[in-house]
Amino acid sequence: MLQLINIEKKYTTGDLTQAALNGVSLNLRDSEFVAILGPSGSGKTTLLNIIGGLDRYDSGELIINGISTRRYTDRDWDSYRNHTVGFVFQSYNLFANKTALKNVTEGLIVGRKMPKEQAREIAMKALEKVGLADRSDAYPAQLSGGQQQRVAIARAIAAQPEIIYFDEPTSALDPELTG
């Protein structure tokens, strides 16, 4: 499904150039669970951002479902992100002025162009799956860090993507959920 061939990514700030990825090659198959481990600053998030279409690689090749992304347009990347992948970021990226339910429905309505009632129904099911149906009307500031992370997980699974990328997915979850 995903193939990375000699992917390289560098970031330049002023006179300093930092290699974030240097010749990374991977083959990821359908229905495969993969964990990428490494110390802080080793490029894990950069790698996820590249294979998730949030950042561009400098060289190498990323192949998605047998198709090279070298000639992907912005529209191709948008379609890939909106219909194929879900993200759970290190920072939850929740809208502070929206309830848990609205945070989950927003991507379905805007990204998937789903009718509001259908999005609400799917979002509630996703919140149920992560144990937050009873907190659907709470705003992020009214939720613990673990609950906020579960809203982010609900948002990712609600879209029913082919792939879900988790960047440090258990860092703030409550101990009873991870133990």
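The backbone oxygen of Gly53 lies 3.4 Å from a polar atom of the Arg56 side chain, and this pair offers a convenient point of entry into the structure, which is a predicted model. Arg56 itself sits in the loop that runs between helix α1, residues 44–51, and strand β3, residues 59–64. With a relative accessible area of 33%, Arg56 is partly exposed, since that value falls between the 20% under which a residue counts as buried and the 50% over which a residue counts as exposed. Leaving aside residues up to four places away in sequence, Arg56 touches Lys9, Ile50, Asp74, Trp77 and Arg81. As a further point of reference, Asn22 is separated from Arg56 by 34 residues in sequence and by 14 Å in space, taken from C-alpha to C-alpha.

One of the contacts of Arg56, namely Arg81, leads to the second largest pocket, because Arg81 is among the residues nearest the centre of that pocket, together with Asn82, Phe87, Gly107 and Arg155. This second largest pocket holds about 440 Å³ of space, and its lining is made up of 19 residues. Helix α2 (74–83), strand β5, helix α3 (100–110) and helix α5 each supply at least two residues of this lining, and the largest share, five residues, comes from α3. Sorted by class, the lining of the second largest pocket comprises nine nonpolar, six polar and four charged residues.

Helix α5, one of the contributors to that lining, spans residues 145–158, and its 14 residues reach 20 Å from the first C-alpha to the last, close to the 20 Å expected at 1.5 Å a residue. Of these 14 residues, 12 are buried, so α5 is largely enclosed by the rest of the structure. The buried set consists of Gly146, Gln147, Gln148, Gln149, Arg150, Val151, Ala152, Ile153, Ala154, Arg155, Ala156 and Ala158. Following the helix comes Gln160, whose phi is positive, near 50 degrees.

Within α5, Ala152 repays a closer look. Its relative accessible area is 0%, and Ala152 is therefore buried. Not counting residues up to four places away in sequence, Ala152 touches Phe87, Val88, Tyr92 and Leu94. The first named of these partners, Phe87, is 65 residues away along the chain, yet the C-alpha atoms of Ala152 and Phe87 are separated by 8.1 Å.

Helix α4, residues 116–129, can be read alongside α5. At 1.5 Å a residue, the 14 residues of α4 should span 20 Å, and the end C-alpha atoms are indeed 20 Å apart, which agrees with that expectation. The buried residues of α4 are Ala119, Ile122, Ala123, Met124, Ala126 and Leu127. An α-helix has 3.6 residues a turn, so residues three or four places apart point the same way. The cover over the buried residues of α4 includes both α3 and α5, and just after α4 Gly131 takes a positive phi of about 75 degrees.

Phe87 and Val88, both touched by Ala152, also bring the reader to the enclosed space of the model. The structure holds one cavity of 30 Å³ or more, and the largest cavity has a volume of about 60 Å³. It is lined by Thr45, Leu48, Asn49, Leu54, Phe87, Val88, Phe89, Tyr165 and Asp167. Helix α1 and strand β5, residues 85–88, each provide at least two of these residues, and α1 accounts for the largest share of the lining, three residues. In terms of class, the cavity lining has six nonpolar, two polar and one charged residues.

Tyr165, part of the cavity lining, appears again in the largest pocket. The largest pocket has a volume of about 680 Å³, and of the 23 residues that line the pocket, those closest to its centre are Val34, Ala35, Ile164, Tyr165 and Phe166. The elements giving two or more residues to this lining are β2 (16–28), α1 and β6 (163–166), and β6 gives the most, with four residues. By class, the lining of the largest pocket has 15 nonpolar, one polar and seven charged residues.

How values were computed
Residues are numbered from 1 along each chain as its sequence is written. This is a predicted model: local features need pLDDT of at least 70, side-chain atom pairs count only at pLDDT 80 or more; totals for chains, interfaces and linings use all residues. Side-chain values use heavy atoms; hydrogens and water are left out. Buried means under 20% relative accessible area, exposed over 50%, partly exposed in between (1.4 Å probe, protein chains only). Contact means heavy atoms within 4.5 Å. A polar contact is a pair of N or O atoms within 3.5 Å; within protein, one must be able to donate a hydrogen and the other to accept it, and residues adjacent in sequence count only if both atoms are side-chain atoms. The expected span of a helix is 1.5 Å times one less than its number of residues. On a 1 Å grid over the protein atoms alone, a cavity is a set of points where a 1.4 Å probe fits but cannot get out, and a pocket is an open set with protein on both sides within 12 Å along at least five of seven lines; lining residues have an atom within 4 Å of a point. Grid points are joined across faces, edges and corners, and a volume is the space filled by probe spheres set on the points. Ala, Val, Leu, Ile, Met, Phe, Trp, Tyr, Cys and Pro count as nonpolar, Asp, Glu, Lys and Arg as charged, and the others, Gly among them, as polar.
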